[in-house]
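Colleague: Please pick one place where helices pack and look at it closely. Then place it in the rest of the fold.

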Amino acid sequence: MSTEMNQKHRITAETSPEVIPGADSQGIDDAEDAPQTDEFYERHEIVADPKQSLIRLDKFLIDRLANRTRSKLQTAIKAGSVKVDDKDVKPNYKVKPGNVVSIILPRSLEESYHILPQNIPLDIVYEDEDLMIINKPFGLAVHPGVGIPKGTLVNAVVWHLQESMKDLPVKEGNEANRAGIVHRIDKDTTGLMVVAKSDFAMSHLANQFFQHTIERRYQAIVWGDVEPNAGTVRANIGRNPNDRRLFMTFPEGDDGKWAVTHWRVLERFYYCTLVECQLETGRTHQIRVHMKSIGHTLFGDPRYGGNQILKGTLYSKYKQFVESNLQLLPRQALHAKVLGFKHPRTGEMLRFESELPNDMQMVIERWRTYLQGRKELM
């Protein structure tokens with residue numbers, strides 16, 4: 001083996017907000033046995049050999065990373081996704097003996113799936129040449145996966161890009177079939193997502209997600225009267241060994257992946273509470289699992305038992321009231337309300353906010369009205 005190839009090479013993987021391609025954009029709801037290793041981005045760390053000869057960074061990487069073109073690696077370097085000894089460098093940097101080169105690379109859906117363009121309406125909140133912000137509705141899966149070959153947000157994005165670029169010159173890295181998904185939200189969760197339209201934007205955004213610098217705030221209705229007014233859940237999350245469709249928390253250092261959720265109370269309904277959850281990490285089902293772990297399962301969540309009466313008595317009027325709410329909101333009461341990040345090209349901090357969907361608004365209003373009629377509870 002040549003000196004240049006005799007390197008220590010480590011690879012780690014990260015998931016972004018509720019991510020596992022092929023594991024349903026519903027959150028494992030339809031794909032019962034999807035692989036956890038097929039994620040949206042990966043991190044490689046390569047330690048240059050003590051006898052490493054000086055070599056350009058892009059050439060150093062292309063010799064060591066399979067199926068990556070020099071152009072894509074140069075794009076990743078320019079996007080700030082490659083560091084040498086934890087410092088930003090340029091593509092012409094010469095790797096030296098002992099350098100630690102780390103790189104974050106987004107995975108492409110096209111590597112695993114043929115993406116069929118489909119004319120599915122999209123609620124596009126913002127769009128420019130680099131990215132799109134989409135307000136995802138209830139019931140729309142984010143990407144194809146096991147048991148979901150089409151009818152997803154990705155199919156809709158590819159159609160939109162093809163239509164919008166018909167009369168425009170195609171720039172390098174902005175092919176019409178590029179569907180740059182760097183994170184997702186569950187099929188039955190609503191709210192804001194960012195989609196990259198170029199390799200540069202995809203690399204830049206993937207790096208921000210990996211570094212946990214993206215602002216992500218959700219609103220959720222949870223069972224129970226949450227105490228105190230704010231708190232943080234720090235607990236590893238991994239698959240439930242007894243049911244691979246579900247996830248659960250594990251003691252620190254045992255199984256699963258490190259996850260952090262900050263929460264605060266917005267409004268109390270005695271039996272339920274409206275909370276805001278801010279993600280520091282982004283694990284599959286993170287909010288759903290973390291809130292359940294502290295005794296506050298999401299209202300309506302069919303996977304984790306939130307579609308049953310978990311608080312309050314079972315006298316007929318209350319039971320009828322709760323069941324009617326569950327019919328109005330036949331899903332987990334979770335909405336991705338705020339999304340903030342640095343624009344890949346301009347560096348400007350962008351922040352988007354969306355209104356709660358009608359089903360959540362109706363249920364919240366019904367709880368308010370119900371509570372007004374039960375003032376003795378307050």
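Modeller: A contact means heavy atoms within 4.5 Å. On that basis, K72, T75, A76 and K78 of helix α2 meet D199, F200 and S203 of helix α4. Helices here are DSSP runs (H or I, at least four residues; strands are E, at least two), numbered from the N terminus.

This is a predicted model, with pLDDT of at least 70 needed for local features and 80 or more for side-chain atom pairs, while totals for chains, interfaces and linings use all residues. Residues are numbered from 1 along each chain, and side-chain values use heavy atoms, without hydrogens or water.

Now the geometry. Helix α2 covers residues 70–78, and its axis comes within 8 Å of that of α4. The two axes (lines fitted to C-alpha atoms over the stretch in contact, angles from 0 to 180 degrees between N-to-C directions) cross at roughly 50°. The pair is therefore oblique, the class left after under 35 (roughly parallel), over 145 (roughly antiparallel) and 65 to 115 degrees (roughly perpendicular).

Next, what α2 hides. L73, T75, A76 and I77 are buried (under 20% relative accessible area; exposed is over 50%, partly exposed in between; 1.4 Å probe, protein chains only). T75 and A76 also appear among the α2 residues that meet α4. The buried residues of α2 pack against α4 and three other elements: α1 (57–62), β4 (82–84) and β7 (100–106). Just after α2, G80 takes a positive phi of about 85°.

Follow α4 inward. Residues 199–210 form this helix, which gives six residues to the largest nonpolar core, the most of any element. That core (buried Ala, Val, Leu, Ile, Met, Phe, Trp, Tyr and Cys joined through side-chain atoms within 4.5 Å) has 50 residues. Those with the most contacts inside it include I133, V194 and F341. I133 touches both V194 and F341, along with I124, Y126, L192 and F352, among others.

Now the loop after α4. H212 sits between α4 and β12. Its phi is positive, about 60°, although H212 is not a glycine. At 29% relative accessibility, H212 is partly exposed. Compare H285, in the loop between β17 (272–279) and α5 (286–293). Phi of H285 is also positive, near 60°. H285 is buried, at 0%.

Beyond β12 (215–223), P228 lies in the loop to β13 (230–234). A cis peptide bond joins E227 to P228, with omega about -5°.

Finally, the wider setting. The chain holds seven helices and 19 strands. Of its 378 residues, 55% are buried.

How values were computed
Lists of a residue's contacts leave out its neighbours within four places in sequence.
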